[in-house]
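Biologist: Please show me the model. I want to ask how each label is earned.

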Amino acid sequence: MYSGTVAVAGPPLRDFISVTVGPEEAVGVGGYNNSKAWRRRSCWRKWKQLSRLQRSVILFLFAFLAVCGVISYTSMGEAWKSITNKSSDDQRTEQEIPGLKLANPAVLPAPQKADAIHGDYPELSRQKPPKPPHVRRGPSNLQIKAPRRDTRLKTRHDTMRAVEELVEADKVEKTEKSIISWRGAVIEPDQSTEPPSSKIMEPEKPSSVEAEDQKEPVPINERQLAVIEAFRHAWKGYKDFAWGHDELKPLSKSYSEWFGLGLTLIDALDTMWILGLKDEFEEARKWVATDLVFDKNVDVNLFESTIRILGGLLSTYHLSGDSLFLEKAKDIGNRLMPAFKTPSKIPYSDVNLGRGTAHPPRWTSDSTVAEVTSIQLEFRELSRLTGDEKFQKAVDEVMKHVHTLSGKNDGLVPMFINTNSGQFTHLGVYTLGARADSYYEYLLKQWIQGGKKENELLEDYMRAIEGVKKHLLQRSEPKKLTFVGELTHGHFSAKMDHLVCFLPGTLALGAHNGLAADHMKLAETLIETCYQMYAQVETGLSPEIVHFNLHAQKGHKDVEIKPADRHNLLRPETVESLFYMYRFTGDKKYQDWGWEILQNFNRYTRVPTGGYTSINNVQNPSNPEPRDKMESFFLGETLKYMFLLFSDDIDLINVDKYVFNTEAHPLPIWVPA
Ligand code: DMJ
């Protein structure tokens, strides 16, 4: 029973208001009657009996109490917010894109409604995917752990402070350093030979495997800060001289166009998110919102635009939850579809985005095998997000067709496929390098993406690795490095592209996902080889292609380099594999190797006015001959994998929740059935 009295001072008589509310009031003639209708009538009668002033005062008091209620609600702590958010999170996906239905739910939570969070997110929150729900689903390796939000945010603020200090320190340091000139470029001689100073220390946890159980957030360490500094330096060049264009030409302080779609900017979006570069991300987002237009009379390469643009937009959508990126992804996805209109359904290499026409290269009707089989992760994810199965259907058909084709050699595929006949061409040449590389990578990654159910993919992957072991592995002299060569009409060549260095990481990922343990052993030996491709070279940077010595010769190293192959394009593959190896073993040597590589990029490829450049000669430290081009994958992949390699936080893009596309854009793993 409740009885309340409200007293208000004022003019006589009417100034005193007494309101009594309680069940007593409801007792009238006829005894206790608590029917809803009776209560409504009784209250209304009482209300009518009050003077206008009394009513106004009561209304005012109710309004006042309501305002107090709202204020106290909004000032409640994080815990309360997370409780209230949790239930609405589940409904967001459908609300943000009308009619959107997920064909397959993802292991990751649905991204937050874009417009709701845009411009109002906590600083550096972009380093992490949106908050996962507390419920755990699926097998233990796919379960989502409860977030550690408060402490993590604190760490991010500390990190940004440290980054700012680092930038300041860097400015001071730069003015003190001497510089050397060579062929039109000025390179800082010992840039970042030591990690830049910072208050933040490396985490004590020695291994990422142990890190799985840790409860405390992992602070960003000095090496990661050095990556952030490198990214900012590269970004400065792009912003100053190439903003909105495809690639920076850092020496001539200009740019080059490939597709005319701001390739570097799009490729770098999710890296900025992961590195926590809020301002840079925000500025780039604005460009995407206002300047990125796909309705252009421009020919693009299907594979390159899929892995860099579609992949970049999709992963940025997942990390940020901003629907702008999904809208752009849908737009380009639709515009790429004409590529599949071929007699065999094997797509053409080129598409005109504005005209909706597609064609093969001028000199052939062939497509590259790696290109037509490394667009699947992106198109499948686009179908899952939009509910439109046409994207997935088109790329699945390619894989099913390639699965049945003859012309393979123990699972190894030739490099070309004809868009008319659908058959492999140029038979008899097998490589894990250019034109075939990511076919193998995507067999495994599609299998992982789809919840490890698509047996044909796994079958093809396992068979191919057996083919690699049988036909392509050899050991070099004098160090007996295991390497992956090439087979040309039965003849073994000891040639290995740097591109092949994706393989140790892929093998390790497979082993982590339950495949043969000997894949991990092979990964360990191959990553050592890839590291030696850097370590045995004068600049400490790998050339594009090496030839291994099969016979010991006095004074010769394992690695030989031909003049035409001695360039370095800032490629990511070795760092990518180092990242996986460190994640799965916790062996610090992989971080140390990556650190050496970063320092050598800083020594030989960094351009003082902003940006990094490809070089022509990794064998000449005094004149590495800069090429005047910063490839978009340096920001999209190389620096991202560096940052993740140096991290001890397995939740910073957890590989049990995300699968990286071949351009290092993380896409969610779908929930297993
Ligand atoms: C990137 O575009 C991708 O990693 C692709 O798979 C291979 N080439 C470059 C990087 O080397």
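**Contacts and labels**

Modeller: Start with Gln 446. Setting aside neighbours within four places in sequence, Gln 446 is in contact with Thr 373, Gln 376, Leu 377, Arg 380, Met 399, Glu 454 and Leu 457. The model is a predicted one.

Biologist: What makes these residues contacts of Gln 446?

Modeller: The cut-off is heavy atoms within 4.5 Å. The listed residues, among them Thr 373 and Leu 457, are in contact with Gln 446 on that basis.

Biologist: Where is Gln 446 placed, and is Gln 446 buried or exposed?

Modeller: Gln 446 is in helix α16, residues 437–449. Its relative accessibility is 0%. Buried means under 20%, so Gln 446 counts as buried.

Biologist: What separates the C-alpha atoms of Gln 446 and Val 659?

Modeller: The two C-alpha atoms are 8.7 Å apart. Along the chain, Gln 446 and Val 659 are 213 residues apart.

Biologist: Gln 376 was in that contact list. Why is Gln 376 called buried?

Modeller: Its relative accessible area is 0%. The limit for buried is under 20%, so Gln 376 is buried. Gln 376 belongs to helix α14, residues 376–386. Beyond four places in sequence, Gln 376 is in contact with Val 395, Val 398, Met 399, Tyr 442 and Gln 446.

Biologist: What makes Val 372 a polar partner of Gln 376?

Modeller: The backbone oxygen of Val 372 lies 3.1 Å from a polar atom of the Gln 376 side chain. The cut-off for a polar contact is 3.5 Å. The distance of 3.1 Å meets that cut-off.

Biologist: How do you know that Cys 501 and Cys 530 form a disulfide?

Modeller: Their sulfur atoms are 2.1 Å apart. The cut-off is within 2.5 Å. The pair of Cys 501 and Cys 530 therefore qualifies as a disulfide. A search of the whole structure finds one disulfide.

Biologist: Which parts does the pair tie together?

Modeller: Cys 501 lies in the loop between β18 (495–497) and α18 (503–512). Cys 530 lies in helix α19, residues 517–535. The pair therefore ties together parts that are 29 residues apart in sequence.

Biologist: What is the handedness of the link of Cys 501 and Cys 530?

Modeller: The link is left-handed, with -100 degrees about the S-S bond.

Biologist: Are Cys 501 and Cys 530 buried or exposed?

Modeller: Cys 501 has a relative accessible area of 0%. Cys 530 is also at 0%. Buried means under 20%, so Cys 501 is buried and Cys 530 counts as buried.

Biologist: On to the ligand. Which residues are around the ligand?

Modeller: They are Ile 307, Arg 308, Leu 499, Arg 571, Pro 572, Glu 573, Phe 633, Glu 637, Thr 662 and Glu 663.

Biologist: What makes Arg 308 a polar contact of the ligand?

Modeller: A ligand oxygen is 3.4 Å from an N or O atom in the Arg 308 side chain. The cut-off is 3.5 Å, and 3.4 Å is within it. For the side chain of Arg 571, the distance from an N or O atom to a ligand oxygen is 2.6 Å. For Glu 573, the value is also 2.6 Å, again from a side-chain N or O atom to a ligand oxygen.

Biologist: Which residues does Phe 601 touch?

Modeller: Arg 571 is one of them. The others are Leu 541, Asn 568, Leu 570, Arg 606, Tyr 612, Phe 634, Thr 638 and Met 642, not counting residues up to four places away in sequence. Phe 601 lies in helix α21, residues 588–604. From Phe 601 to Leu 541 is 7.4 Å, C-alpha to C-alpha, and 60 residues in sequence.

Biologist: Why does Phe 601 count as buried?

Modeller: Phe 601 is at 1% relative accessibility. That falls under the 20% limit, so Phe 601 counts as buried.

Biologist: Now a sheet. What makes β7 and β9 edge strands?

Modeller: The open sheet has three strands in the order β7-β8-β9, with antiparallel pairing. β7 (299–301) and β9 (357–359) each pair on one side only.

Biologist: How do you know that β7 pairs with β8?

Modeller: Pairing needs at least two bridges. Three bridges join β7 to β8, residues 350–352. Asp 299 stands opposite Asn 352 in β8.

Definitions and conventions
Residues are numbered from 1 along each chain as its sequence is written. This is a predicted model: local features need pLDDT of at least 70, side-chain atom pairs count only at pLDDT 80 or more; totals for chains, interfaces and linings use all residues. Side-chain values use heavy atoms; hydrogens and water are left out. Helices (H or I, at least four residues) and strands (E, at least two) are DSSP runs, numbered from the N terminus. Buried means under 20% relative accessible area, exposed over 50%, partly exposed in between (1.4 Å probe, protein chains only). A polar contact is a pair of N or O atoms within 3.5 Å; within protein, one must be able to donate a hydrogen and the other to accept it, and residues adjacent in sequence count only if both atoms are side-chain atoms. A residue is near a molecule or strand if one of its heavy atoms lies within 4 Å of it.
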